[in-house]
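Trainee: Could you walk me through how the labels on this one are earned? I'd like to see the reasoning, not just the words.

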Amino acid sequence: MAAPRIAVVGHVEHVTLGRVEGIPRPGDILHLREARFLAGGGGGLAFAQLCRSDAEIHLFTALGRDEAARAVEARIRVAPGRVHVHAAVRAVDHPRVVIFVDAEGRRTIVVTESPLQPAATDPLPWSILADCDAVYFTGADPESLRLARAARRLVVTARRSAALRAAAVAPDVILGSVADPRENAALDTYDPRPGALVLTDGPRPVRVFRREGAAQIDAPPAPDRVVGDYGAGDSFAGALTFFLAHGLSVEEGCRRAGPYGAAVLRGIDPSETQTALIAP
């Protein structure tokens, strides 16, 4: 198969990430160690994972007009010719995010504002989506979700259930997490129903729910020590979208995507621990 065309629709955040001894209590002063900047968020990290492939990648996002936006834009405009960034500009400061990673590898996220999301009314080349082999949607605009449905395969994060209800489209996959109450709704709560509901569950098997039944996909072994868990789910989402773009079943796509989510657990910075996507 020729290299697929894949798009990500969603936010990219200005993230400052570092280690702390523990989660803060009232009155605490924390020292953020090993601090670094990355272009993160659900859209940014899935996009970064997909950039570690030979696919043609399109990112549809929105940026502010300040120094933080310029830093994010400089980070995401990579591999010209194969990776294309389509960014609307908002006359606001770009949201900033601070992430604390504790000694157990667990992350706590503090955000300044809601993410900036692209909309179908933005003058972006939305017609590209109809020619994509797969789209990963973590946006918020229902009309852009309807445009994304024109792709051959569509994966939508369960966190965007409001956009799903308003758009009234049936994705091929809705992807969520058992541990997150914003993402673990049952299959029959979605109308129209997706082709499959995929729920990750940390080191436990991935659950795939369809109208005709459910399946479990064994998760890859976790590292002996989890250094950081930020970005594991987003990296899994990017990898799953990649394998669906290659025509694999949802179940096989989950099996192959698992190691890409697990790889991120070996460090606190997913931009350093994501691994190259290999076509099936």
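Mentor: Sure, let's take a few labels in turn, keeping in mind that this is a predicted model.

Trainee: Let's start with a helix pair. Why is α5 called oblique to α6?

Mentor: Helix α5 (residues 232–245) and helix α6 (residues 250–263) pack at an angle of about 140°. Roughly antiparallel would need an angle over 145, and roughly perpendicular runs from 65 to 115. The angle of about 140° fits neither, so α5 is oblique to α6. Their axes are 8 Å apart, and the crossing is right-handed.

Trainee: Which residues of α5 and α6 make the contact?

Mentor: From α5 they include Phe236, Leu240 and Phe243; from α6, Val250, Arg256 and Tyr260 are among them. By class, the contact has ten nonpolar, four polar and one charged residues.

Trainee: Now α2. How do you know that its buried residues line one face of the helix?

Mentor: The buried residues of α2 (residues 67–76) are Ala68, Ala69, Val72 and Ile76. Looking down the axis of α2, you find them within an arc of 100°, so they line one face. In general, an α-helix has 3.6 residues a turn, so residues three or four places apart point the same way. On the other side of α2, Glu67, Arg70 and Ala74 are exposed.

Trainee: What do the buried residues of α2 pack against?

Mentor: Their partners include strands β2 (13–19) and β3 (33–40), as well as helix α1 (41–50).

Trainee: Next, what makes Leu199 count as buried?

Mentor: Buried means under 20% relative accessible area. Leu199 comes in at 6%, so Leu199 counts as buried. Leu199 sits in strand β11 (residues 196–201), and the residues it touches include Val178, Val206 and Phe209.

Trainee: And why is Glu34 called partly exposed?

Mentor: The relative accessible area of Glu34 is 43%. Partly exposed covers the range between under 20% and over 50%, so Glu34 belongs there. Ala168, with 47%, is partly exposed too.

Trainee: What makes the phi of Glu34 worth pointing out?

Mentor: Most residues other than glycine have a negative phi. In strand β3, Glu34 has a positive phi, near 55°. Ala168, in the loop between α4 (161–167) and β10, also has a phi near 55°.

Trainee: Last one: how do you know that the peptide bond from Asp191 to Pro192 is cis?

Mentor: Look at omega: for that bond, omega is near 0°. Most peptide bonds are trans. Pro192 lies in the loop between β10 (173–177) and β11.

Technical notes:
Residues numbered from 1 in each chain as written. Predicted model: local features only at pLDDT ≥ 70, side-chain atom pairs only at ≥ 80, totals over all residues. Heavy atoms only, no water. Axes fitted to C-alpha atoms, helices over the stretch in contact; angles between N-to-C directions. Helix = DSSP H or I, 4+ residues; strand = E, 2+ residues; numbered from the N terminus. Parallel < 35°, antiparallel > 145°, perpendicular 65-115°, else oblique. Left-handed = near helix turned anticlockwise from the far one by under 90°. Contact = heavy atoms within 4.5 Å. Nonpolar A, V, L, I, M, F, W, Y, C, P; charged D, E, K, R; others polar. Buried < 20%, exposed > 50% of the residue type's maximum accessible area, 1.4 Å probe, protein only. Arc of directions from axis to C-beta.
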